[in-house]
Amino acid sequence: MHLFEKEFDSILEKARSAKHPVRVVVAGATAENIVKAVFEAEAEGFVTPVLVGREKKVYPLLEKLGYDKRNFQFCDVPKYENVVQHAIDVLNMGMGDVLMSGDTSTRDFLLP
């Protein structure tokens, strides 16, 4: 077993032993790989996805992936408003624990 695998297993074990799932706020929840990852973690019981994005784009992706009936929270962002800022607002309101970049530019994610 490689060092990375040991460290990753340790992280997974800590996540599974947490008393409550971590609420991961995904800014721009239309990145398929990120959405899959948070729902895999949700299936393991250590994450509650908090998806932030435009409803017209997020829900078709969730339906395509079969996640539309799963446990998650959603924050719709009006057209032309900053998705990352909305995700930060969700955190500041105490509705999330960790911010994760989805389908956002690095510049938008790092500057607010």
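Let's start with one residue: Glu 32 counts as partly exposed, at 28% relative accessibility. Its side chain meets that of Lys 36 in a salt bridge, and that pair is a good way into this structure, which is a predicted model. The protein has 112 residues, and its secondary structure comes to five helices and four strands. Below, we go from the salt bridges to the overall layout, then to the sheet, and finally to two residues worth a look.

**Salt bridges**

- The structure holds five salt bridges, and a few of them are described here.
- In the bridge between Lys 36 and Glu 32, the N to O distance is 3.4 Å.
- Lys 36 and Glu 32 are separated by about one helical turn, because they lie four residues apart in helix H2 (residues 32–44).
- Like its partner, Lys 36 counts as partly exposed; its relative accessibility is 33%.
- Asp 68 and Lys 69 also meet through their side chains, in a salt bridge of 3.7 Å from N to O.
- Asp 68 is partly exposed, with a relative accessible area of 24%, whereas Lys 69 counts as exposed at 76%.
- Glu 32, Lys 36 and Lys 64 are joined into one network by salt bridges that share partners.
- Another salt bridge is formed by Glu 42 and Arg 70, whose closest N and O atoms are 2.7 Å apart.
- This pair links distant parts of the chain, 28 residues apart: Glu 42 sits in helix H2, and Arg 70 sits in the loop between helix H3 (55–65) and strand E3 (73–76).
- Glu 42 counts as buried, because its relative accessibility of 14% is under the 20% cut-off.
- Arg 70, on the other hand, is partly exposed, with a relative accessible area of 29%.

**Overall layout**

- Reading from the N terminus, the elements run α-β-α-β-α-β-α-β-α.
- Of the residues in the protein, 34% count as buried.
- Among contacts with a separation of 6 or more, 66% come from residues 24 or more positions apart.
- The accessible surface comes to about 7300 Å², and carbon and sulfur atoms account for 53% of it.

**The sheet**

- Four strands form an open sheet with parallel pairing, in the order E3-E2-E1-E4.
- E3 and strand E4 (98–101) stand at the edges with a single partner strand each, so one side of each has no neighbour in the sheet.
- On average, neighbouring strands are turned by 25 degrees against each other, direction ignored.
- Strand E1 (residues 22–27) pairs with strand E2 (residues 47–53) in the parallel sense, over six bridges.
- To trace this pairing, find Ala 27, which stands opposite Val 52 in E2, and Arg 23, whose bridge partner in E2 is Thr 48.
- Helix H2 packs on the sheet and touches E1, E2 and E4; the direction of H2 makes about 155 degrees with that of E2.
- Strand E2 is largely enclosed by the rest of the structure, because seven of its seven residues are buried.
- In a regular strand, side chains alternate between the two faces of the sheet.
- Both faces of E2 are covered: the buried residues are Val 47, Pro 49, Leu 51 and Gly 53 on one side, with Thr 48, Val 50 and Val 52 on the other.

**His 86**

- His 86 is found in helix H4 (residues 83–92).
- At 17% relative accessibility, His 86 counts as buried, since the cut-off for buried is under 20%.
- The side chain of His 86 makes a polar contact of 2.8 Å with the side chain of Glu 81.
- Leaving aside residues up to four places away in sequence, His 86 touches Val 52, Val 77, Pro 78 and Glu 81.
- Val 52 ties this residue back to the sheet story: besides touching His 86, Val 52 is the E2 residue opposite Ala 27.

**Tyr 80**

- Tyr 80 lies in the loop between E3 and H4.
- Although Tyr 80 is not a glycine, its phi is positive, at about 75 degrees.
- Tyr 80 counts as exposed, because its relative accessibility of 74% is over the 50% cut-off.

Note on methods
Residues are numbered from 1 along each chain as its sequence is written. This is a predicted model: local features need pLDDT of at least 70, side-chain atom pairs count only at pLDDT 80 or more; totals for chains, interfaces and linings use all residues. Side-chain values use heavy atoms; hydrogens and water are left out. Helices (H or I, at least four residues) and strands (E, at least two) are DSSP runs, numbered from the N terminus. Buried means under 20% relative accessible area, exposed over 50%, partly exposed in between (1.4 Å probe, protein chains only). Contact means heavy atoms within 4.5 Å. Accessible areas come from the Shrake-Rupley method with a 1.4 Å probe; for residues, only the protein chains shown count as cover. A polar contact is a pair of N or O atoms within 3.5 Å; within protein, one must be able to donate a hydrogen and the other to accept it, and residues adjacent in sequence count only if both atoms are side-chain atoms. A salt bridge is a side-chain nitrogen of Lys or Arg within 4 Å of a carboxyl oxygen of Asp or Glu. Two strands pair if DSSP finds at least two bridges between them. Axes are lines fitted to C-alpha atoms, for helices over the stretch in contact, and angles run from 0 to 180 degrees between N-to-C directions.
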